[in-house]
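Got your viewer open? Load the model, switch to cartoon, and keep the selection box handy.

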Amino acid sequence: MTAAAATVPPSPLPEDRRVLLTRLVDGLDGNSLWWLSGFAAGLAQGHPPPSLAVIAGGQPAAQAAGRLTIVYGSQTGNARRAAEQLAGEAEAAGLAVRLLRADAYPTRELAGERLLYIVISTQGEGDPPDDAIGLVEFIAGKRAPKLPELRYAVLGLGDSSYADFCGIGRKLDARLAELGARRLQPLGEADLDIDTVAAPWWRTRALADARQALGESAAPPASNVTPLRHGQSAAHSAQHPFHAELLARQLVSGRDFKGPAYGHYGRIDKRVHHVELSLEGSGLHYEPGDALGIVHRNPPPLVDAILAATGLDGDAAVSHDGHTRPLAQWLGGHRELTRISRPLLATVAERSGNADLAGLLEPARSGELAAVFADHQLVDVLHRWPAGWDATALVAALRPAAHRLYSIASSRRRVGDEVHLTVDELAYDAHGRGHMGAASAFLAALEEGAQVPVFVEPNERFRVPADASRDIIMIGPGTGVAPFRGFVQERAETGAAGRNWLFFGARHFNSDFLYQVEWQEALQKKELHRLDLAFSRDHLKSPHMDVRAVARDSRQRIYVQDRLREQGRDLYDWLQGGAHLYVCGAIGMGKDVHAALLDVVAAHNGGDAEAAADYLSGLQREGRYARDVY
């Protein structure tokens with residue numbers, strides 16, 4: 001039964017509002033529905049008498065004037081948590097607060113807002129998080145209203161290992177000012193160690209400014225800020241993870257099934273591991289689509305490489321942030337050793353006196369800087385721009401260690417108190433030396449019975465449809481297929497009537513077809529109804545491709561986006577029939593897939609590219625087009 005179909009009293013809503021409500025709740029999970037019910041209850045509790053003036057968009061003027069609205073856009077949960085903390089502290093300070101996810105914010109109400117705080121993360125190279133695409137486009141577009149009566153502040157979250165650090169936060173901050181709104185405090189720009197910036201931002205300035213802005217007109221606080229994750233255990237987090245036992249780790253790539261090396265593992269392009277962990281006794285719960293946070297330790301070879309590059313003694317005692325530890329311990333468990341950042345490069349430039357590196361940080365060379373971020377680890381920076389380091393200075397220059405998130409590849413309905421992951425072990429040669437991933441190498445080195453610190457990171461926008469009769473289309477090349485293993489398991493265990501269609505891509509059929517046997521069994525059991533494959537290095541030929549062109553150019557390759565275009569007619573028909581669309585994998589792949597989807601929609605809606613873009617935006621607003629890209 002869908003949420004919309006649940007038994008309720010006769011609706012007092014006019015037909016157009018009833019239809020909107022049905023669309024709103026379609027596809028929401030239990031956590032979101034609990035939040036929505038609490039939000040509606042809060043509105044009802046403070047509902048004004050009919051004589052109270054109402055501003056455009058149906059928002060009571062007095063209510064808007066006496067309330068702080070906090071809107072967040074979050075891809076991995078960091079902005080959501082920061083917004084929840086801000087809302088909780090504001091409510092505790094006696095302020096009336098409304099907390100909304102960006103895609104739930106009624107843009108028609110923006111003109112009537114009086115006090116607005118936005119907490120938003122930047123995704124990839126300057127993109128908004130998926131749940132904020134519509135709001136960002138509205139504020140940036142021609143339909144955005146003038147906002148002379150709005151007072152606002154923006155807290156941007158980002159990763160300074162990307163060139164456009166907190167880019168969306170900066171754009172929103174500047175655009176709101178352009179629309180006439182008054183900035184209450186400067187833009188906050190938080191790096192991965194979020195609390196360093198975020199906590200002072202709201203505890204010192206933001207709350208004080210809100211109290212002053214609302215003044216005596218502030219309404220008495222009501223229960224209008226409700227938990228966004230009803231029933232979710234808060235016992236375990238990145239700061240207090242659960243130590244899960246490793247039940248199994250199996251290599252699922254690299255086996256040559258047909259060639260002379262049958263049954264053997266040899267030199268392969270990728271090493272992908274299937275990892276099974278026990279959550280027994282943790283109290284942790286997850287839904288397919290959520291992520292598992294891994295609080296890893298940096299592998300010893302990474303630590304040794306940094307010590308060798310700097311010539312420092314790993315036993316040297318370092319005091320920092322109230323803690324004293326040996327340098328090797330700081331590097332092993334408390335500092336980021338693979339991802340570099342702009343502040344780190346600025347420190348290296350200063351200590352080395354290298355003018356070229358200092359110039360690289362100038363805005364005019366952002367393209368070159370982005371290339372450095374893309375292919376340099378810390379060890380490369382230390383070798384390329386040598387500088388005199390002491391142990392204390394090195395620890396101070398490095399960012400705190402950041403946990404890693406992995407898409408969960410299982411359904412609890414099938415695996416019980418376990419959680420499964422699909423882990424691509426990062427290992428490559430560059431700049432004359434070997435490189436490895438921090439968390440992936442940590443997981444790949446563990447033996448059965450080892451303890452892994454974990455926590456669950458909910459992803460409320462990446463869920464199977466609440467209406468089990470809906471079809472789903474899943475696009476997940478490489479390890480992006482992980483959540484769809486959980487989706488298919490979940491739909492099979494719940495007896496969902498909707499069809500499941502998977503697009504999977506990798507380099508080679510023989511060595512990279514992840515979970516091949518499982519997908520074949522799912523097809524036989526009708527748990528998976530369609531499977532389209534693209535193996536880019538095998539030159540699999542489609543009847544729609546020019547075979548002679550492929551023969552002439554061995555570099556021509558086939559990717560999942562090519563399969564989408566080939567199957568465009570059926571794909572469009574499924575979407576028109578109400579199917580939900582999901583994409584998981586690398587950011588670049590997500591952009592290529594989006595471009596292919598635009599082509600597919602345009603090809604079947606009369607060739608109107610603008611209408612195709614509006615169509616996909618509409619699917620995103622409805623929650624029928626969700627992406628988990630990284």
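Which residues does Ser-341 touch, not counting residues up to four places away in sequence? Select Ser-341 and you'll find Ser-160, Ser-161, Phe-373 and Arg-399 touching it (contact means heavy atoms within 4.5 Å). Ser-341 sits in the loop between H9 and H10; helices here are DSSP runs of H or I with at least four residues, strands are E runs of at least two, and both are numbered from the N terminus. Ser-341 is buried, with a relative accessible area of 2%; buried means under 20%, exposed over 50% and partly exposed in between, using a 1.4 Å probe and protein chains only.

A quick word on ground rules. This is a predicted model, where local features need pLDDT of at least 70 and side-chain atom pairs count only at pLDDT 80 or more, while totals for chains, interfaces and linings use all residues. Residues are numbered from 1 along each chain as its sequence is written, and side-chain values use heavy atoms, with hydrogens and water left out.

Next, select Leu-331 and Leu-345. Of the 35 residues in the largest nonpolar core, these two touch the most other members. Such a core is a set of buried Ala, Val, Leu, Ile, Met, Phe, Trp, Tyr and Cys residues joined through side-chain atoms within 4.5 Å. Several helices supply at least two residues each, including H8 (300–310), H9 (327–333) and H10 (342–352). The largest share, 5 residues, comes from H14. Zoom in on Leu-331: beyond its neighbours within four places in sequence, its contacts are Asn-298, Val-303, Ile-306, Leu-307, Leu-337, Leu-394 and Leu-398. For the second, separate core, of 29 residues, try Ala-83, Tyr-117, Ala-153 and Ile-194, which are among its members.

Now jump to 427–436. Strands S14 (427–430) and S15 (433–436) pair in the antiparallel sense over 4 bridges, where pairing takes at least two DSSP bridges. Ala-427 has Met-436 as its bridge partner. The two strands form a hairpin with 2 residues between them, and His-431 in the turn has a positive phi of about 55°.

Then pick Gly-134, in helix H5 (133–140). Gly-134 counts as partly exposed because its relative accessibility is 30%. Add Ser-617 to the selection: the pair are 483 residues apart in sequence, yet 7.3 Å apart C-alpha to C-alpha.

Last stop: colour by pLDDT, the predictor's confidence in each residue from 0 to 100. The chain's mean is 83. Among the elements, S17 (472–475) has the highest mean, 98, and H20 (547–552) the lowest, 44. Values stay under 50 over 216–233.
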